[in-house]
Amino acid sequence: MELLFYLAMIVIPTFLALKELPERLRSLHRGCRGFLYSPVAFIIGLFTLAISEFAAEALPFLKWGLLGYNIVTLPLMDASTEAGTSGLTGQILSFAFLLISILTIMLFNFWEEKYFRDSYKLVVIWTFTHLIMGTTLYALPPIFCQGLIFKHVYDKYSVDHSYAAHFGTNIMLISLAFLLSY
């Protein structure tokens, strides 16, 4: 069931948006200075996540979420071994899912930056849209804090720079999830 949800929410929209890939690559090139903010957003996100997880232990309702994790990371949650594949086949599937996750964030993080960084109210709305993607309630404070950093970059430079910061941060998060799945 989760795999069907993943196909409908991630794989199909990603492949439908592939025509935008050249422009997204140009946006990343134009905003490459935004990557300098990625480690800051990553560290603040991890720090805030640690505090949020501690709070979730005390307040179990904070663990509520549609899936309990972000749908983009579904394949990184060791889905290949759950599906009965292991060894080389499981490794190939995990790597293919990693590439799809990277492609997905490359294509869609730009639109998040374009539509949700004009105001702080939109940053709050953007934070809560992550619930649709399956994240838990305790993941919202780190997402919000990172959104504030991306808003700062957006205001100081441009949408291309905040896109690069957002994309770089998500690459770090996906890489961490991928490494922790082993």
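Let's start with a pair of charged side chains: Glu113 and Arg117 are joined by a salt bridge, with 2.9 Å between the closest N and O atoms. Where does this pair sit, buried or exposed? Glu113 has a relative accessible area of 0%, so Glu113 is buried, and Arg117, also at 0%, is buried too. Keep in mind throughout that this is a predicted model.

Stepping back for the overall picture, the protein has 8 helices and 0 strands. Reading from the N terminus, the order of elements is simply α-α-α-α-α-α-α-α. Of the 182 residues in the protein, 43% are buried. As for how the chain comes together, take the contacts with a separation of 6 or more: 81% of them are between residues 24 or more positions apart.

The Glu113–Arg117 bridge is one of 7 salt bridges in the structure, so let's go to some others; a salt bridge here needs a side-chain nitrogen of Lys or Arg within 4 Å of a carboxyl oxygen of Asp or Glu. Helix 2 covers residues 21–30, and Glu23 and Arg26 both belong to it, 3 residues apart, or about one turn of the helix. Their side chains meet in a salt bridge, at 3.1 Å from N to O. Glu23 also pairs with Arg30, and there the closest N and O atoms are 2.9 Å apart. Add Asp160 and you get the whole group: Glu23, Arg26, Arg30 and Asp160 are linked in a network of salt bridges.

How does the surface exposure of these residues look? With a relative accessibility of 28%, Glu23 is partly exposed. Arg26 comes out at 45%, so Arg26 is partly exposed as well. Arg30, at 43% relative accessibility, is again partly exposed. The cut-off that matters for this reading is that buried means under 20% and exposed over 50%, with partly exposed in between. That sets these three against Glu113, which is buried at 0%.

Asp160 also leads us on to helix packing. Which residues bring helix 2 and helix 8 together? Helix 8 runs over residues 159–180, and its axis comes within 7 Å of the axis of helix 2, the two crossing at roughly 100°. That crossing angle makes helix 2 roughly perpendicular to helix 8. On the helix 2 side, the contact is made by Arg24, Ser27, Leu28 and Arg30; on the helix 8 side, by Asp160, His161, Tyr163, Ala164 and Phe167. Notice that Arg30 and Asp160 turn up here and also in the salt-bridge network.

Two of those helix 8 residues, Tyr163 and Phe167, take us to another place in the fold. Asn109 sits in helix 5, which spans residues 87–116. Leaving out neighbours within four places in sequence, the contacts of Asn109 are Tyr163, His166, Phe167 and Asn170. With 2% relative accessibility, Asn109 is buried. What does its polar side chain do there? The side chain of Asn109 makes a polar contact of 3.0 Å with the side chain of Glu112, and another, at 2.9 Å, with the side chain of Asn170.

Now look at that last contact from the other end. Asn170 lies in helix 8 and counts as buried, its relative accessibility being 16%. Apart from residues up to four places away in sequence, Asn170 touches Ile105 and Asn109.

Next, move to helix 3, residues 38–58, where you will find Thr48. At 12% relative accessibility, Thr48 is buried. Which residues does Thr48 touch, not counting those up to four places away in sequence? They are Pro141, Pro142 and Cys145. Pro141 is 93 residues away from Thr48 along the chain, yet their C-alpha atoms are separated by 6.8 Å.

Finally, helix 6, residues 120–129, shows how burial can be arranged along a helix: Val123, Trp126 and Thr127 are its buried residues. Looking down the axis of helix 6, these buried residues fall within an arc of 100°, so they line one face of the helix.

Definitions and conventions. Residues numbered from 1 in each chain as written. Predicted model: local features only at pLDDT ≥ 70, side-chain atom pairs only at ≥ 80, totals over all residues. Heavy atoms only, no water. Buried < 20%, exposed > 50% of the residue type's maximum accessible area, 1.4 Å probe, protein only. Helix = DSSP H or I, 4+ residues; strand = E, 2+ residues; numbered from the N terminus. Arc of directions from axis to C-beta. Polar contact = N/O pair within 3.5 Å; in protein donor to acceptor, adjacent residues only side chain to side chain. Contact = heavy atoms within 4.5 Å. Axes fitted to C-alpha atoms, helices over the stretch in contact; angles between N-to-C directions. Parallel < 35°, antiparallel > 145°, perpendicular 65-115°, else oblique.
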